[in-house]
Amino acid sequence: MSKRTQDKVVIITGGAQGIGFGCAELLIREGAKIVIADVNAAKGEAAAAALRAQGGEAAFCQTDVLKEADCANLATFAYQHYGQLHGLINNVGFYGRASIEETTPELWDKYLNLNLRSAFFCCKFAIPYMQKSGSGSIINIGSIHGIQPASNLVAYGVAKGGLLSLTRSLAGTYARDRIRANYIIPGWVLSDTEVALHESLGLPEDKLRAIGPTLPLGRHQTPQDTGHTAVFLISDESAQITGMTFHIDAGATTLPLK
Ligand SMILES: NC(=O)c1ccc[n+]([C@@H]2O[C@H](COP(=O)([O-])OP(=O)(O)OC[C@H]3O[C@@H](n4cnc5c(N)ncnc54)[C@H](O)[C@@H]3O)[C@@H](O)[C@H]2O)c1
């Protein structure tokens with residue numbers, strides 16, 4: 001029996017670790033062929049090797065999503081390597097804290113370019129190959145702060161809000177090419193970067209992990225929680241779903257802000 005994402009060729013930016021790698025693991029299990037795109041060559045190569053060791057097909061393409069030429073090269077690499085391209089997960093992002101007062105023009109550009117312009121570049125170059133392949137599914141990894149502002153995540157929130165707008169624009173524009181675009185809001189995932197960020201803000205890892213049982217469904221979310229939704233959205237099970245937002249946050253947004 002065919003697996004849920006059998007032979008779907010999928011690019012995952014920032015796929016070397018964290019949420020991106022969690023998506024890759026579940027997609028590989030369901031038969032997808034993965035291109036890990038990451039600026040970190042050592043981690044990216046290791047991630048692709050780990051996926052191959054699980055019996056799947058995975059390749060690494062060193063990519064700095066801040067550079068337009070790298071994003072163009074990435075899409076061409078994926079298409080030439082596998083002969084098709086069906087999926088793109090725009091996952092790269094960084095969520096360092098900064099209020100309005102703390103946000104310099106340089107910081108603003110850095111957050112907007114990393115979290116938003118990167119996805120625009122990757123979509124621009126991946127879509128022509130999806131058109132050649134007959135269909136496509138774009139997943140933009142967003143944030144609750146794309147729809148619900150936080151005063152210490154200003155540029156990040158603006159970038160993720162822009163990413164939601166880009167998602168809906170893509171959905172409307174490319175539906176007739178059978179290219180869909182959806183937006184996932186992961187919950188609170190203790191990736192290496194998230195743990196390091198909290199350490200730098202004075203919250204040690206053990207105290208951070210102790211918060212899990214107090215959350216609405218009793219734990220932090222995992223990269224795999226997002227990965228399950230990615231499998232659904234890359235698969236043909238979601239063939240009629242586009243322009244939508246998926247919350248993987250254990251109901252956090254149904255509760256009043258503390
Ligand atoms: N961790 C969370 O709690 C959380 C919650 C909501 C949304 N998100 C979003 O999920 C996504 C992934 O978060 P994470 O915590 O797994 O991230 P992470 O920091 O663990 O992983 C990010 C990956 O991106 C790569 N990367 C960084 N800059 C790059 C560049 N210029 N070009 C290519 N690759 C680059 C890194 O090497 C790394 O492998 C982000 O978009 C983030 O905003 C995370």
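Lys110 counts as partly exposed in this predicted model, because 18 other C-beta atoms lie within 10 Å, short of the 20 that would make a residue buried. You'll find Lys110 in helix H4. To get a feel for the helix, look along the chain from Lys110 to Met130: these two residues are 20 apart in sequence, and their C-alpha atoms sit 29 Å apart in space.

Now try the same sequence spacing from Gly93. Gly93 and Asn113 are also 20 residues apart in sequence, but here the C-alpha to C-alpha distance is 9.5 Å. Gly93 belongs to the loop between strand S4 (87-90) and H4. Is Gly93 buried or exposed? It's buried, with 27 other C-beta atoms within 10 Å. Setting aside neighbours up to four places away in sequence, Gly93 has contacts with Leu114, Asn115 and Ile141.

**Around the ligand**

Gly93 turns up again at the ligand. There are 29 residues around the ligand, and Gly93 is one of those that come nearest, along with Gly14, Gly18, Ser191 and Thr193. Sorted by class, the shell has 12 nonpolar, 12 polar and 5 charged residues. Two helices, H1 (18-29) and H6 (192-200), each put at least two residues into that shell.

Where does the ligand lie relative to the domains? It lies between them, because domain 1 (9-186 + 224-244) and domain 2 (189-220) both give residues to the shell.

**How the domains meet**

The chain splits into those two domains, with domain 1 made of two stretches, 9-186 and 224-244, and domain 2 covering 189-220. Measure between their centres over C-alpha atoms and you get 24 Å. As for direct contact, 5 residues of domain 1 touch 5 residues of domain 2. On the domain 1 side of that contact there are 2 nonpolar and 3 polar residues, and no charged ones.

**The nonpolar core**

The largest nonpolar core takes in 67 residues. Which of them touch the most other members? Those are Ile11, Ala24, Leu27, Ile34, Ile36, Cys122 and Ala126. Helix H4 (residues 105-133) makes the largest contribution to this core, with 12 residues. So much for the roll call; Ala126 is worth a look of its own. Beyond its neighbours within four places in sequence, Ala126 is in contact with Ile11, Ala75, Leu85 and Leu88.

Leu27, another of those well-connected core members, also gives a handy reference point for the start of the chain. The C-alpha atoms of Lys3 and Leu27 are 9.8 Å apart, although 24 residues separate them along the chain. Lys3 is in the segment before strand S1 (9-13). Leaving out residues up to four places away in sequence, Lys3 touches Glu30 and Gly31.

**Partly exposed spots to click on**

Here are some residues that share the partly exposed label, with their neighbour counts.

| Residue | Where | Other C-beta atoms within 10 Å |
|---|---|---|
| Lys3 | segment before strand S1 (9-13) | 15 |
| Arg178 | loop between helix H5 (154-174) and strand S6 (179-186) | 15 |
| Ala250 | segment after strand S7 (245-248) | 18 |

Arg178 and Ala250 have something else worth checking in the backbone. Arg178 has a positive phi of about 60 degrees although it is not a glycine. Ala250 isn't a glycine either, and its phi is positive too, near 55 degrees.

**Stepping back to the whole chain**

Zoom out, and the protein chain has 8 helices and 7 strands. Its radius of gyration is 17 Å, close to the 18 Å that the globule rule gives for 258 residues, so the chain is as compact as a globular protein of that length. Along the principal axes, the C-alpha atoms fill a box of roughly 50 × 35 × 35 Å.

How many of the 258 residues are buried, as a percentage? Buried residues make up 42%. The contacts also reach well along the sequence: among those between residues at least 6 apart, 74% join residues at least 24 apart.

Conventions:
Residues are numbered from 1 along each chain as its sequence is written. This is a predicted model: local features need pLDDT of at least 70, side-chain atom pairs count only at pLDDT 80 or more; totals for chains, interfaces and linings use all residues. Domain bounds come from an automatic or database domain assignment. Two residues are in contact if their C-beta atoms, placed from the backbone, lie within 7 Å. Ala, Val, Leu, Ile, Met, Phe, Trp, Tyr, Cys and Pro count as nonpolar, Asp, Glu, Lys and Arg as charged, and the others, Gly among them, as polar. A residue is near a molecule or strand if its C-beta atom, placed from the backbone, lies within 6 Å of it. Helices (H or I, at least four residues) and strands (E, at least two) are DSSP runs, numbered from the N terminus. A nonpolar core is a set of buried Ala, Val, Leu, Ile, Met, Phe, Trp, Tyr and Cys residues joined through C-beta atoms within 7 Å. A residue is buried if 20 or more other C-beta atoms lie within 10 Å of its own, exposed if 12 or fewer, and partly exposed in between; C-beta atoms are placed from the backbone. The radius of gyration is taken over C-alpha atoms; the globule rule is 2.2 Å times the number of residues to the power 0.38.
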